[in-house]
Structures are given as C-alpha cells and as structure tokens.
Amino acid sequence: MMKIMIIGALVLGMGAAGYFGEQFLRPTQAPVSEAAAAHKNELLFKMPLGNFTMQITQPSEVINMTINLDVYVMGAAAFAKINGANGRALLRDGAVAAIAELATTNLGITVTDEEDVMKLDLSEQIVRKLYVNFPYVRTARINAIFMRKSVRK
C-alpha cells in the first residue's frame with residue numbers, strides 16, 4: 001500500500017511540476033534586432049522622373065511609346081542621398097538605359113486594350129533593371145502610357 005501511495009504522490013508531484021514549470025519551458029519570441037526595427041519603420045518616398053519616349057521597331061510596324069514614370073525609394077537616408085540634382089540625373093539615366101534595353105529586347109509589346117496589364121508588366125521590368133544599379137529603388141509606377149502604332153515601310 002505504501003508503494004502505491006508513493007507512486008501516486010510522485011505522479012501528483014510531477015503533474016504539479018509540469019503545470020507550474022510550463023511557463024519556464026514555453027518558447028518565447030526573440031527580441032527584434034535594431035536593424036530590423038529600423039528597416040520596418042522606413043517609408044517609401046516618391047521621386048517623379050518624368051516622361052520617357054521609346055521607339056520599338058518590329059518587323060512589320062513601329063510603336064512609339066511615351067511613359068510617365070515615378071520611382072519609389074526606400075528610406076529617408078537613401079532618398080536624401082539621391083534627391084539632389086546629381087542623384088536624380090543618375091537615376092534618370094539608369095531608367096533611360098533600362099527602357100532602351102527593353103525597347104531593343106522586348107518584341108512582344110503590342111498596342112492592346114489591356115493597358116493596366118501592360119503598365120504593371122513594364123513597371124516590373126523597369127524596376128528589375130534599375131534595382132541592379134540602384135538597390136534602394138523598391139518599386140515604380142507608370143502614371144501614363146501613350147502608344148502609337150505606325151506601319152513600317
């Protein structure tokens with residue numbers, strides 16, 4: 001009988017230890033690092049780059065395209081660094097180079113009614129090309145796009 005009482009007391013003691021010891025064994029969330037906290041609070045800053053015109057030459061037609069582009073920069077420090085005349089000129093030159101490369105390589109551009117899909121696709125491609133040289137550029141927005149198709153002689 002004494003053996004059963006010892007085993008019962010041992011079971012009750014272990015149950016109580018598990019119940020009260022759970023708070024010490026439960027995993028807690030790791031504290032947020034300073035870099036992650038600073039990055040979380042950064043905002044996107046809009047930088048209008050203006051109008052860009054490109055001519056896409058295809059085998060049977062020529063498409064003249066005018067794009068009004070805004071770029072969004074991550075963080076106040078990066079925005080302050082590039083917001084001057086030199087920084088904006090570098091970013092505009094990078095956008096011109098990206099659009100020129102798209103004009104020579106992307107032969108799938110056609111004049112369609114799906115302007116929103118084309119805006120999204122072009123802005124994604126421009127951001128991918130800009131991000132290589134300017135890692136603080138997070139996204140771009142095409143405000144207006146005008147396309148005119150003419151037959152090639």
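**A guided tour of the predicted model**

Read along the sequence, the protein follows the pattern α-α-β-β-α-α-α-β, with 5 helices and 3 strands. Helices (H or I, at least four residues) and strands (E, at least two) are DSSP runs, numbered from the N terminus. This is a predicted model, in which local features need pLDDT of at least 70 and side-chain atom pairs count only at pLDDT 80 or more, while totals for chains, interfaces and linings use all residues. Residues are numbered from 1 along each chain as its sequence is written, and side-chain values use heavy atoms, with hydrogens and water left out.

**The whole protein**

Begin with the entire chain on display. Of its 153 residues, 30% count as buried; buried means under 20% relative accessible area, exposed over 50%, and partly exposed in between (1.4 Å probe, protein chains only). The protein exposes about 10800 Å², of which carbon and sulfur atoms supply 61%. Such areas come from the Shrake-Rupley method with a 1.4 Å probe; for residues, only the protein chains shown count as cover. Among contacts (heavy atoms within 4.5 Å) with a separation of 6 or more, 72% are between residues 24 or more positions apart.

**The strands**

Next, select residues 61-74, which are strand 2. Because 11 of its 14 residues are buried, strand 2 is largely enclosed by the rest of the structure.

Add residues 44-57, which form strand 1 and run antiparallel to strand 2, with 13 bridges joining the two. Two strands pair if DSSP finds at least two bridges between them. Strand 1 and strand 2 make a hairpin, with 3 residues between them. Two positions may be highlighted here: Phe-45 stands opposite Val-73 in strand 2, and Thr-53 has Thr-66 as its bridge partner in that strand.

Now add residues 137-151, strand 3. Strand 3 is likewise antiparallel to strand 2, and 13 bridges join them. Select Met-65 to find Met-147 of strand 3 opposite.

**The N-terminal patch**

Finally, move to helix 1, residues 2-25, and select Met-5 within it. Met-5 is exposed, with a relative accessible area of 52%. Add Met-1, Met-2 and Ile-6: with Met-5 they form a nonpolar patch on the surface, with about 520 Å² of accessible area together. Patches are made of residues with over 30% relative accessible area and no salt bridge, where like charges are joined within 9 Å and nonpolar side chains (Val, Leu, Ile, Met, Phe, Trp, Tyr) within 5 Å. A salt bridge is a side-chain nitrogen of Lys or Arg within 4 Å of a carboxyl oxygen of Asp or Glu.
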